[in-house]
Amino acid sequence: MSTTHIQPLPNVRGRMSYTELGEGKKRTRNIREKTDRIAAQMGDMGTREDFIRFCSAMRRQSQGTRLNEGYELRVSWSPEELSRDSPEDIQRACEYGYALCKEVAPNAPCWVTVHTDGEGGCVHVHATIANHDLVSGTAIAHGTDHATVKRKNDRLSREMGFTVVGPEPARERTTWAERKGQFGIESFERVLGNRVADARDHASNMEEFLEELKVRGVELTETRKVDEKTGEETVGWSYKSRDPYGKSRRKRRRRASNLADDLTREGIEAYFEAKQRELEVPQQDAPAPEVLPDVPETAEPAEQPSADFALDVYDLDRAYVSEMASDLQKAHIHRSREEGKPFMDERYQQIVEARNHPDEQLAKLREDVDAARREFYASKEARDTLQHPCPGLLAGMHVFAKAGCNAKDPVSRMMADMTAMMLRMMIQEALAEERRRQREEAERRVYESRKSMWDAEKRLKAAEKALSDEDERESKAHAKTMRARYARARSASPSAPRSADKDTQFGE
């Protein structure tokens, strides 16, 4: 079983020095003997020094708005679960610490250090997370409280085969669809729950959810409480709205947990995470090919209106490149863990490179889109060509049948005609079967290329959306900085007060 603790770090360098060399006599001995206390380490930067400089630089760029350079996660296992004498257990602890960092802050760089020299002989991890989100460009907004970290640690421990402290939750989570029937039709709880559930269903992320609540006249209040004994912080939501059926029509308040579990903060976040995963999962089954009717060889195929113009207009899912890269990182880590291999390989580096350099990824996506479109239209042209019969072979059979008419005696002409007819029927059946097989193959290629084109267009749209959001964020940050500078300038040099007397004001 593992225990966790998280604390803010105003100075990352000092803490990283402790995790490398220790303190007191242990530090002096390590410096003198040029050793360290690191059993294993891994991170998102090239070296520990690069990570320390990055954390310090991000705090300096914030111009004093950030109090901390990062956060430290400490995870410890009992000797019965992980042995400090087993290199495999040490590597497993290192990979777990990295995976937990990505659960707490998916878009923030981190550095993981494993120790085995503790007093209790336990394998434990010091994981430092930079206080900077690479996607939004801001500090880590939420998810660094003790309760959230403990919940994510328990879930990840179960996924990776570790035991969890305490019994697993046995209570089933309630949903508003099940709970609303317990309230009266004109009760305030039912009206409020319907408004919140409707706002959630019409939103795609947390920002849109807050806007939808305002439209429906619902106020959201967030309350944070810290347990004095354990130091754990819990976050609760409550909703406030006007009671349309009350006598005074005043505003009333209800805790989210009293309505339903899926309307609490954890429930809303889980809903949007599940919705985002559904949007990012590609369609596994291509649409079934349309069965084309057999066309007589003498009849011309009927002209059908083309619907392929719709392929140039597409509505894509709202998925950011960084989120897709984070999901790929998690999947790669889990797959490598199942196979018993370290996940810091070439593929992992490619995923990190794609997340850190969206411009290069955007260019590759555009190339994929162009190639997929060319392949689709080429396969479509080949499919359309197979809709027409082959006139060359039919003309050859017609010449063979005419040749039988030149026989000298009636019996020879009859045999020649019968042979020509049988040969013609056999060739027709062979051609029909070949056309059917090629048409099915062409249909399959069309739908496969269409799916590839759509996937490439989705990736391109996602990358363009990520770059657009980054430009908008930078513009807003610049405007906010200019307003702050203007306000400081006005406060530093206030204008002279105007006189209340009109005569003295105009010098009369």
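Helices and strands here are DSSP runs, numbered from the N terminus. On that basis K34 lies in the loop between α2 (25-33) and β2 (40-43). The model is predicted.

**Overview**

The protein chain holds 16 helices and 8 strands. It has 508 residues, of which 34% count as buried. Among contacts with a separation of 6 or more, 69% join residues 24 or more positions apart.

**K34: a positive phi**

Most residues other than glycine have a negative phi. K34 has a phi near 55 degrees, a positive value in a residue other than glycine. Is K34 buried or exposed? K34 has a relative accessible area of 77%, and because the cut-off for exposed is over 50%, K34 is exposed.

**β3 and its partners**

Strand β3 (70-77) is mostly covered, with 6 of its 8 residues buried. Strand β1 (residues 2-9) runs antiparallel to β3 and is joined to it by 8 bridges. In that pairing S2 stands opposite W77. Strand β5 (residues 124-130) also runs antiparallel to β3, through 7 bridges. There Y71 stands opposite I129.

**E69: buried, without a salt bridge**

E69 sits in the loop between α3 (48-61) and β3. E69 is buried yet has no salt bridge. Which side chain of opposite charge is nearest to E69? It is R59, 4.2 Å away. A salt bridge needs a side-chain nitrogen within 4 Å of a carboxyl oxygen, so a pair at 4.2 Å does not count. A polar atom of the E69 side chain does lie 3.0 Å from the backbone nitrogen of V12. Not counting residues up to four places away in sequence, E69 touches residues including L9, P10, R13, C55, R59 and N131. R13 in turn belongs to a network of salt bridges with E49 and R53.

**R84 and α4**

R84 lies in the loop between β3 and α4 (87-104). At 41% relative accessibility, R84 counts as partly exposed. Leaving aside neighbours within four places in sequence, R84 is in contact with I90, T116, G118, G121 and V123. The T116 contact includes a distance of 3.4 Å from the backbone oxygen of T116 to a polar atom of the R84 side chain. R84 and H115 are 31 residues apart in sequence, yet 8.6 Å apart in space, C-alpha to C-alpha.

Helix α4 has 18 residues and reaches 26 Å from its first C-alpha to its last, close to the 26 Å expected. Of those 18 residues 15 are buried, so α4 is largely enclosed by the rest of the structure.

**Salt bridges**

Side chains of opposite charge can pair when their charged atoms come close. A search of the whole structure finds 23 salt bridges. Three of them are tabulated here.

| Pair | Closest N to O distance |
|---|---|
| D117 and K26 | 3.5 Å |
| R216 and D198 | 2.7 Å |
| R200 and D262 | 3.2 Å |

D117 and K26 form a salt bridge that links distant parts of the chain: D117 is in the loop between β4 (110-115) and β5, K26 is in helix α2, and they are 91 residues apart. D117 is partly exposed at 30% relative accessible area. K26 is partly exposed at 27%.

R216 and D198 meet in a salt bridge. R216 lies in the loop between α8 (206-215) and β6 (219-226) and D198 in helix α7 (residues 188-201), so the pair ties together parts 18 residues apart in sequence. D198 is partly exposed, at 30%.

R200 forms a salt bridge with D262. R200 is in helix α7, D262 is in the loop between α9 (256-259) and α10 (265-280), and 62 residues separate them. R200 is buried at 10% relative accessible area, and D262 is buried at 16%.

Key: Residues numbered from 1 in each chain as written. Predicted model: local features only at pLDDT ≥ 70, side-chain atom pairs only at ≥ 80, totals over all residues. Heavy atoms only, no water. Helix = DSSP H or I, 4+ residues; strand = E, 2+ residues; numbered from the N terminus. Buried < 20%, exposed > 50% of the residue type's maximum accessible area, 1.4 Å probe, protein only. Lys, Arg positive; Asp, Glu negative; His and termini not counted. Polar contact = N/O pair within 3.5 Å; in protein donor to acceptor, adjacent residues only side chain to side chain. Contact = heavy atoms within 4.5 Å. Pairing = 2+ DSSP bridges. Expected span 1.5 Å × (residues − 1).
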